[in-house]
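Me: I am new to this structure and would like a close look at a single part of it, the place where two of its chains meet. Please take your time and connect that part to what surrounds it.

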Protein chains: 4
Amino acid sequence: MPGNSFGQLFRITTFGESHGGAVGCVIDGCPAGIKITEAEIQKDLDRRKPGQSKITTPRAEKDKISILSGVYEGVTTGTPILLIAYNEDIKPEDYAEIKKLYRPGHADFTFQKKYGIRDWRGSGRASARETLARVAAGAIAKKYLKEKLGIEILSFVQQVGDIKTDIDYKKITMDMIESNIVRCPDSDAAKKMIALIEEVKADDDSIGGVIFGVIKNCPVGLGEPVFDKISADLGKAMLSINAVKGFEIGSGFDGVGMRGSEHNDEFYVDSGKIKTKTNYAGGTLGGITNGEDIYFRVAIKPVSTIAKKQETIDLEENAVELEARGRHDPCVLPRAIPIVDAMSALVIMDHHLRHKAQNN
Amino acid sequence: MPGNSFGQLFRITTFGESHGGAVGCVIDGCPAGIKITEAEIQKDLDRRKPGQSKITTPRAEKDKISILSGVYEGVTTGTPILLIAYNEDIKPEDYAEIKKLYRPGHADFTFQKKYGIRDWRGSGRASARETLARVAAGAIAKKYLKEKLGIEILSFVQQVGDIKTDIDYKKITMDMIESNIVRCPDSDAAKKMIALIEEVKADDDSIGGVIFGVIKNCPVGLGEPVFDKISADLGKAMLSINAVKGFEIGSGFDGVGMRGSEHNDEFYVDSGKIKTKTNYAGGTLGGITNGEDIYFRVAIKPVSTIAKKQETIDLEENAVELEARGRHDPCVLPRAIPIVDAMSALVIMDHHLRHKAQNN
Amino acid sequence: MPGNSFGQLFRITTFGESHGGAVGCVIDGCPAGIKITEAEIQKDLDRRKPGQSKITTPRAEKDKISILSGVYEGVTTGTPILLIAYNEDIKPEDYAEIKKLYRPGHADFTFQKKYGIRDWRGSGRASARETLARVAAGAIAKKYLKEKLGIEILSFVQQVGDIKTDIDYKKITMDMIESNIVRCPDSDAAKKMIALIEEVKADDDSIGGVIFGVIKNCPVGLGEPVFDKISADLGKAMLSINAVKGFEIGSGFDGVGMRGSEHNDEFYVDSGKIKTKTNYAGGTLGGITNGEDIYFRVAIKPVSTIAKKQETIDLEENAVELEARGRHDPCVLPRAIPIVDAMSALVIMDHHLRHKAQNN
Amino acid sequence: MPGNSFGQLFRITTFGESHGGAVGCVIDGCPAGIKITEAEIQKDLDRRKPGQSKITTPRAEKDKISILSGVYEGVTTGTPILLIAYNEDIKPEDYAEIKKLYRPGHADFTFQKKYGIRDWRGSGRASARETLARVAAGAIAKKYLKEKLGIEILSFVQQVGDIKTDIDYKKITMDMIESNIVRCPDSDAAKKMIALIEEVKADDDSIGGVIFGVIKNCPVGLGEPVFDKISADLGKAMLSINAVKGFEIGSGFDGVGMRGSEHNDEFYVDSGKIKTKTNYAGGTLGGITNGEDIYFRVAIKPVSTIAKKQETIDLEENAVELEARGRHDPCVLPRAIPIVDAMSALVIMDHHLRHKAQNN
């Protein structure tokens, strides 16, 4: 199948270009009986929307979502849900220059070569605006998972450039994450991160970072051997987000220096519940959830769109200079937090339904 | 769909438990007209097979592959290819003890809870023996990619424990990789890695490491926006391999400390070919190949099976001690190299066919 | 996957209830470079729309289609195409009565039991209004198939009630089909059919019939053994249309009385082209197209919505009487013609792309 | 995906050519905990096997099935089940002549043109021997459906050539079906059918017929709107069987002559259960099961392999004469009965799992 769908049983198909008529998605496979309103979805979208703080792009898109099918009198009916946000604040003239050349770090070149045509306005389909649809769909999945299964999903900015917090994820709440504009629950680190982003912005440049994601209270047994391991599907979900260059779960890259005797999480029983003493596995054994916290890290490269002068080539393959004039983010991590949450929710929701199909 | 298939158009479905009747796979979607013999496939399997050196498990499985359908007079016919290896050297008594308990770091617990039953012999379906089928299928994909498109796929052990080589991947050949038993093309580092593995083995323990993978000469345009990015599908492929805990492509986790102006790979034209001056992207822009080398790193945890004493619980949830008696690898990385190569081949082959479908 | 998608590589996902916000679909996998306008699509939709003649429902829906993504400057870009028609002329009061009961022959009962909830307005998701999206998507597929491959798709009303034409499909043109409101190219039969429909309508009743479908100039080789035979996929496509109860291809049910020696279509060569002397197979051998005309018949039951009094039960399972007040078609066949054409186009388009993937 | 898989959650992938190494399938998605033995599966295979009576082919294939994975100590484990039957009684010399030409009514021509190569021995992949795998997989599905849900599946030969029984399907038992070699539960009609088949056989010819299929005790709610209607998926399943040219459900083609007021099945309550007074719908409303019997008819063309002389062309496109020497069935219907049953079971099993995923 073409690449615009994610999930098998809770399946979203996203559509839309940054400056086309609309962006959004169809959710096929959402169980009936979930109460959901546009306002609830909007809350998550507002965490992603441009212009929310001084360290994000000043574009003033409202990202207002409409539900046009699949929900009747505020309740899902089991039929496809169309979530749509019409595009506004379109200033294609901001992008007129990029029509003629390939921006470094962007998908202009690869789209042009793959399809022989591209909607160049605002990066078209390659724009991160596409993730709006993921966040909207994820909001429904998150609500279901929370209400039916008690599953908690959250993520935070752990690192920006070389500034990193070593805060323990177990102590973090959503309020702490939302307490500052960079979405780092460690207020000291947050201040430094904000300062760094402002410095980078002033320099017409951009910076990357790491997002730390957590899924708590996941029941034992989700994930399908052998290819559709929870870890593999989470990895794919995160790596499908624009600008993501790395994913690790549990001990990740640091775990390679450990011995098996240290890394193996020993089982014990605590008040009738089977637990592990440590959790280097990150909540998954053989790709199946074991009831411990799932935690992972996502590496995000610096935003490709910068105002600094760069060398590149135009469509006729002549060397040219590019000075971007669009309104962009110096660091996407604060706005990427709800996207990471949404993708976590989509993966867990899909595996929950798959588990229900095969098991009792 | 259940989780035992990988790929959409070059689609493999693997089957088999470690100590059941057989392991193998069906390939559905292999183009007609490819010359292939069991001997060619066997070559790759021999790189994966147990007992190949003093640093691998002494189990003497022959892993002999048979082609039972889809190939006529040495040529693929476009119909499903059954690749099968019958299980031999089965010593279930080696595993009798594990029938009654959950080994730390293993999937015993999660399989039991998910399915209410498990074939405990040699880890059953969770055994890395399943990857034999991937290597066999990957051998056919590799041959096609090499002959039709000139694509080169290789990988090597970059790190074992804290011993790491900083050799430049561009200088590496298959011969260099095969020149020592640890499959690290840097002979000095290789010696240290082998020594470390022997030390770990003597200590009844195990150790992890990092594999570095490369795909060269990939044409521009492979990969499907937005979910089925080449980077996302490679990530899923690698994270679906037993014991893998992390994946990064291009600049990966190190790239987060860079500025956009540094990370953006500038385009230029060299002898009529569009290239980038640097390749922090790792050969993919917007999830679509840009013609530069694809390179990535895969983090592999220490093997869970160790002879050292460990604490755990039995099926009745009593605390017990485990001392494993099976024959295992102190470090799986040397044997995981052909698996990483195979998964690379399966991803690229599938995306090649998907690209052919939609483009000319 | 849930059931609202059709096709693998040219994949449509439809959404929308009859009286919700909108109906439409996302096409994922449409090749780039096809010129398409809303006006072209509208032409096909106008053949399906209500109120087009005295023998169709008087509902005055305009069925106006908008393209909101995937097309840039009139050309497809290879990204998902959103086709949407907003719902107008909504008179839910027409349907208020059916909120409380299960109409015979309708899906009210099964939706209610399956989902525990249903959007009862105008049959909700079970409404034939959903087929609007299929026709819109089919219009794009038809254009591609015609321009790139010269494939002609058409269908006509062969039978209404017991009135049947025995006209030879080879002599039929689109103009002949469009020459009367019942879309039967035999004008004598058409007159009788119209008279019968008017009689049935006056009697507050409804009537079924048979549509004859044809696909000409299809290249040799489309269709995938063994499950995704062209014949099987066409059958599924037609049986997925509301009210369809039967499908036969080539000799169909009549062929069972023939001998093999009579039914086997003998090959011969005519001006360098391999042909068959007869075409009982209906253009497909082993599920793969053989270059001969594909032809098939589709049985459509009488419309379930009738104004006549009927006995049924309400949601509390009490016996009640129903007298429908909605505006309905006495015979859906004339409006079903473009739906059959669209489904033919979607099947052939999908198999064309699948064939391109695996073959050269 | 390529075409050798059927089902989404109970998914079979078949492999194998008639005269290659083996035929069989992998079932992915079979729930854990089902008791199954090779002997149970063999029973169904014996109903399909060649040489079972004087009116079937005299080929003496044993069709012995082996389970090589996914079943441990007689119980399914939730992992892929490999079912395999090795090919024996191979006499390729019977088919040597057909290597050089295209048999009328066969897939020789279309396979050759599609793939540029074909395994011509015994029709290769296009052989009905492939259906052996379907019957084996269906046996497991049938057992599950019977034991867990009380669903009964059966089918019988309703018509051979122009000889047809009008027996009421409700009165039929498996014993009645198995009481004669033609598998028609009406003993008078059966005798005539057998006589006709013997006559046709003596004449070196072949004959077609109609199979009537029934699924009883199916719960309300199976089937997914809008494309994956139970009726559409049953249709596809049957049309994917070799030689099938037509499918109708409920009133089928005969229903087109009825009025809506006659065809609509009125609801009533009988002992607390909602039923319909008539069942023209054939157990499905809006593509979802309504609890009534599902019944359908399958048209099967006369076998293409006949000993009679026929005209055709060879690979070089010269006109030639063919006199087949292989051992074939004069009428496949008696052996097709277990295939129809198996496909019914696969469809219902798959939809049962899909329903479980989305509903409670």
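Which residue is the bridge partner of A:Phe247 in β11(B)?

Reply: The bridge partner of A:Phe247 in β11(B) is B:Phe247. Before going further, please note that this is a predicted model, in which local features need pLDDT of at least 70 and side-chain atom pairs count only at pLDDT 80 or more, while totals for chains, interfaces and linings use all residues. Residues are numbered from 1 along each chain as its sequence is written, and chains are lettered from A and ligands numbered from 1 in the order in which they are written.

The pair of phenylalanines belongs to strand β11 (residues 244–249) of chain A and strand β11 (residues 244–249) of chain B, which run antiparallel and are joined by three bridges. Two strands are said to pair if DSSP finds at least two bridges between them, and the strands themselves are DSSP runs (E, at least two residues), numbered from the N terminus, as are the helices (H or I, at least four residues). Strands of a sheet pair through backbone hydrogen bonds, either parallel or antiparallel.

Around these strands, 90 residues of chain A are in contact with 89 residues of chain B, where contact means that the C-beta atoms of two residues, placed from the backbone, lie within 7 Å. Helix α6 (residues 230–239) of chain A gives the largest share of the side of chain A that touches chain B, namely six residues. By class, that side of chain A holds 37 nonpolar, 33 polar and 20 charged residues; here Ala, Val, Leu, Ile, Met, Phe, Trp, Tyr, Cys and Pro count as nonpolar, Asp, Glu, Lys and Arg as charged, and the others, Gly among them, as polar.

How the two chains are placed can be put as a rotation: turning by 180°, with 0.0 Å of shift along the axis, superposes chain A on chain B with an RMSD of 0.0 Å. The two copies are thus related as by a two-fold rotation axis, and the same surface serves both, since 99% of the contact residues of chain A recur in chain B. The superposition is by least squares on the C-alpha atoms of residues with pLDDT of at least 70 in both copies.

Each of these two chains also has a hairpin of its own. In chain A, strand β12 (residues 267–270) and strand β13 (residues 273–276) run antiparallel and are joined by four bridges, and A:Phe267 has A:Thr276 as its bridge partner in β13(A). Two residues lie between the strands of this hairpin, in which A:Ser271 takes a positive phi near 50°. In chain B, strand β12 (residues 267–270) and strand β13 (residues 273–276) likewise pair in the antiparallel sense over four bridges, with B:Phe267 opposite B:Thr276 in β13(B). The hairpin of β12(B) and β13(B) has two residues between its strands, and B:Ser271 in the turn has a positive phi of about 50°.

Chain B also contains helix α3 (residues 131–149), whose 19 residues reach 25 Å from the first C-alpha to the last, close to the 27 Å expected at 1.5 Å a residue; the expected span is 1.5 Å times one less than the number of residues. Of the 19 residues of α3(B), 14 are buried, so the helix is largely enclosed by the rest of the structure. A residue is called buried if 20 or more other C-beta atoms, placed from the backbone, lie within 10 Å of its own. After α3(B) comes B:Gly150, whose phi is positive, near 70°.

Chain B meets chain C as well, in a contact that takes nine residues from chain C and nine residues from chain B. The side of chain C that touches chain B has four nonpolar, three polar and two charged residues. A rotation of 180° with 0.0 Å of shift along its axis superposes chain C on chain B, with an RMSD of 0.0 Å. In chain C, the C-alpha of C:Ala357 is the nearest to that axis, 2.0 Å from it, and the same surface again serves both copies, with 100% of the contact residues of chain C recurring in chain B.

Technical notes: A residue is buried if 20 or more other C-beta atoms lie within 10 Å of its own, exposed if 12 or fewer, and partly exposed in between; C-beta atoms are placed from the backbone.
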